[in-house]
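Reader: I have a structure open on my bench computer and would love to talk through its interior. Could you walk me through it?

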Amino acid sequence: MNPSVDSWAARVAPVERSLGQARATYDRLAPWYDWVEAPFEHQARAAGLRLLDARPGEQVLEIGVGSGHTLSTLARQVGPKGSLVGVDLSLRMVQATRGRLSRENRGVPLALVQADACHLPLRAASVDAVTMSFTLELMATEDIPTVLTQCRRVLRHTGRITVVSLCLRDEPKLMTRLYLAAHRRWPRMIDCRPLPLRDVLVSNGFTICRTWSGAIAGLPVAAITAQR
């Protein structure tokens, strides 16, 4: 790792499961995602969408589509003159999202792809905005710079990215320390871990524009919009 990555990566708990294990976990979770995780994430996801501020006619990429709630909202925002691309490691999450969007057809061009975000299947400078919620913190620490480099590649010159993530503060409070202890004890079950999100984005070449702070069950959450 280069020094700018080391400055934040040394503070981040490791991911101790393979890409295949992550895919299998979210394939199993897909039918229950709206019951298990989505209700807790709703407020932060909504804050991320406000920061992203997608406009009619824009082309937007979501990494980690979950069960499709964010893309459904984005479809209303970009309208039929815009277009959406959704990428997820889990095929069953892609299928769940495809089902939701087919029921809520708004005439918006949509492509859904099962893919690893380290290798985004898009042309350079092809989207106006990228968004991801509770996705970046699932990725192996060494993969995060690769994913953000891919985001910079596919964004247009004036493009922007919005990331929602569990947030690691300089001096973690009790709930964060307890959560990290649980992550170390059950790393495959509790696979999210908080990130120092501002440092991650800045060290990977993004300029911070707007921020939001919140919490889920006492755990700090951040949403940040940045430009490439």
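**Inside the fold**

Author: Happy to, and please keep in mind that this is a predicted model. Let's start with Ile 63: beyond its neighbours within four places in sequence, Ile 63 is in contact with Val 87, Ala 117, Leu 120, Val 130, Thr 131, Met 132, Ser 133, Thr 135, Met 139 and Cys 151.

Reader: How many residues does the largest nonpolar core have?

Author: Ile 63 is among the residues with the most contacts inside that core, along with Leu 61, Val 130, Met 132, Leu 136 and Ile 161. Elements that each supply at least two residues include strand E1 (59-63), strand E4 (127-133) and helix H7 (144-154). The residue count of this largest nonpolar core is 35.

Reader: Which element gives the most to this core?

Author: Helices H1 (3-9) and H9 (197-203) are among the elements that each supply at least two residues. The top contribution is 5 residues. The element giving the most is H7.

Reader: How many residues are in the other core?

Author: This core lies apart from the largest one. Ala 30, Ala 47, Phe 134 and Ile 190 are among its members. Its residue count is 21.

Reader: How many disulfides are there?

Author: A disulfide needs two cysteine sulfur atoms within 2.5 Å. For Cys 118, the nearest cysteine sulfur, that of Cys 151, is 10 Å away. For Cys 209, the closest is also in Cys 151, at 15 Å, too far for a bond. The count of disulfides is 0.

Reader: Is Cys 209 buried, partly exposed or exposed?

Author: Buried means under 20% relative accessible area, and exposed means over 50%. Cys 118, at 10%, is buried. Cys 209 has 40% relative accessibility, so Cys 209 counts as partly exposed.

Note on methods
Residues numbered from 1 in each chain as written. Predicted model: local features only at pLDDT ≥ 70, side-chain atom pairs only at ≥ 80, totals over all residues. Heavy atoms only, no water. Core = buried A, V, L, I, M, F, W, Y, C linked by side-chain atoms within 4.5 Å. Buried < 20%, exposed > 50% of the residue type's maximum accessible area, 1.4 Å probe, protein only. Helix = DSSP H or I, 4+ residues; strand = E, 2+ residues; numbered from the N terminus. Contact = heavy atoms within 4.5 Å.
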